[in-house]
Amino acid sequence: METTTTNTDVVVIKDLHKDYYLGGEVITALDGVSLTVPSGAFVAIMGASGSGKTTLMHLIGGLDLPTQGAITVNEKAVDRLTDQERTLFRRRHLGIVFQTFNLLPTLTALENVMLPLLVDGRSAADARRRAEELLKTVNLEHRLKHRPDLMSGGEQQRVAIARALMNEPVLILADEPTGNLDPTASHQIWKLLRDLSCNTGTTVLMVTHESTAASYADCVHFIKAGRFTGTVEPKGCGDAALVANRYAELAD
Ligand SMILES: Nc1ncnc2c1ncn2[C@@H]1O[C@H](COP(=O)(O)OP(=O)(O)O)[C@@H](O)[C@H]1O
Ligand SMILES: [Mg+2]
């Protein structure tokens with residue numbers, strides 16, 4: 001796919017390939033993917049299970065290395081960093097949101113959100129101030145002292161999003177963030193991600209298999225068997241049919 005690069009692109013990916021080697025077999029998870037994510041945009045990648053979405057997120061997040069191709073995040077060549085540099089880059093500059101929330105069970109909502117700044121050596125007072133502010137942004141100011149097991153799935157995911165925002169990330173990576181949530185909680189999360197992009201200029205890249213989720217994004221790229229097949233621009237309208245129809249058209 002042809003890509004146009006501007007200096008305001010947060011993510012620039014060129015011809016990315018990823019092969020896994022398993023018991024003498026080669027599994028091609030990504031087969032030549034190119035992508036740009038403009039600063040402040042909410043971009044979704046939609047595809048069926050096994051199409052390569054998580055692999056792509058892992059490569060952008062510096063959790064794994066490509067077989068071929070280049071990945072730049074915030075003008076840093078992620079694939080050329082050492083393991084240690086990638087860990088630091090992830091901690092300082094990225095916010096990652098998983099399907100499974102990944103909160104620490106023995107900590108309160110507030111403590112979970114404070115953690116990224118504490119790990120980075122910032123003062124507890126600073127961390128608390130910012131964590132309280134972000135928990136308010138995700139409408140959880142009344143749940144500061146709750147542990148994860150006392151919160152609903154939707155509330156836990158909003159805590160995880162607040163935590164992901166703590167280090168003022170240049171990019172939020174969300175991998176099937178509503179995979180474990182009911183429809184009402186899911187809509188809250190999609191609106192929250194859209195509002196973060198619209199109102200605060202946070203750049204969000206989300207992968208999903210659901211057309212409803214993708215319809216909240218500005219732009220959707222479809223992925224099939226490790227290749228992009230086309231795009232649609234729902235511009236955050238939340239019209240699932242628009243996305244589903246385009247997906248079906250491309251599958252023909
Ligand atoms: N660590 C791994 N080793 C071998 N194969 C893998 C590994 N991770 C993913 N795969 C394979 O790569 C393909 C893409 O997987 P994945 O990126 O997880 O897809 P998705 O997130 O879209 O479901 C699948 O065929 C999957 O089985
Ligand atoms: Mg996945």
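**Ligand 1, helix α6 and Ala77**

Let me begin with ligand 1, which in this predicted model is surrounded by Tyr20, Leu22, Ile27, Ala29, Gly47, Ser49, Gly50, Ser51, Gly52, Lys53, Thr54 and Thr55. That shell divides into four nonpolar residues, seven polar and one charged. At least two of its residues come from each of β1 (9-22), β2 (25-38) and α1 (53-60), and α1 gives the most, with three.

I turn next to helix α6, residues 183-200, whose 18 residues should span 26 Å at 1.5 Å a residue, and whose end C-alpha atoms are 25 Å apart, which agrees. Its buried residues are Ser186, Ile189, Trp190, Leu192, Leu193, Leu196 and Ser197, and, seen down the axis of α6, they fall within an arc of 150 degrees, so they line one face of the helix. As background, an α-helix has 3.6 residues a turn, so residues three or four places apart point the same way. What covers the buried residues of α6 includes β3 (42-46), α5 (153-165), β7 (171-175), β8 (204-208) and α7 (211-214), whereas the face turned away from that buried side carries the exposed residues Pro183, Thr184 and Asn199. After α6 comes Gly201, with a positive phi near 70 degrees.

Finally, Ala77, which lies in strand β5, residues 76-77: is Ala77 buried or exposed? Ala77 counts as exposed because it has 11 C-beta neighbours inside 10 Å, and the cut-off for exposed is 12 or fewer. Leaving aside residues up to four places away in sequence, Ala77 touches Ala70 and Thr72. To return to the ligand shell, which includes Gly50, the C-alpha atoms of Gly50 and Ala77 are separated by 26 Å, the two residues being 27 apart along the chain.

Definitions and conventions:
Residues are numbered from 1 along each chain as its sequence is written. Chains are lettered from A and ligands numbered from 1 in the order in which they are written. This is a predicted model: local features need pLDDT of at least 70, side-chain atom pairs count only at pLDDT 80 or more; totals for chains, interfaces and linings use all residues. A residue is buried if 20 or more other C-beta atoms lie within 10 Å of its own, exposed if 12 or fewer, and partly exposed in between; C-beta atoms are placed from the backbone. Two residues are in contact if their C-beta atoms, placed from the backbone, lie within 7 Å. A residue is near a molecule or strand if its C-beta atom, placed from the backbone, lies within 6 Å of it. Helices (H or I, at least four residues) and strands (E, at least two) are DSSP runs, numbered from the N terminus. Ala, Val, Leu, Ile, Met, Phe, Trp, Tyr, Cys and Pro count as nonpolar, Asp, Glu, Lys and Arg as charged, and the others, Gly among them, as polar. The expected span of a helix is 1.5 Å times one less than its number of residues. The arc is that of the directions from the helix axis to the C-beta atoms.
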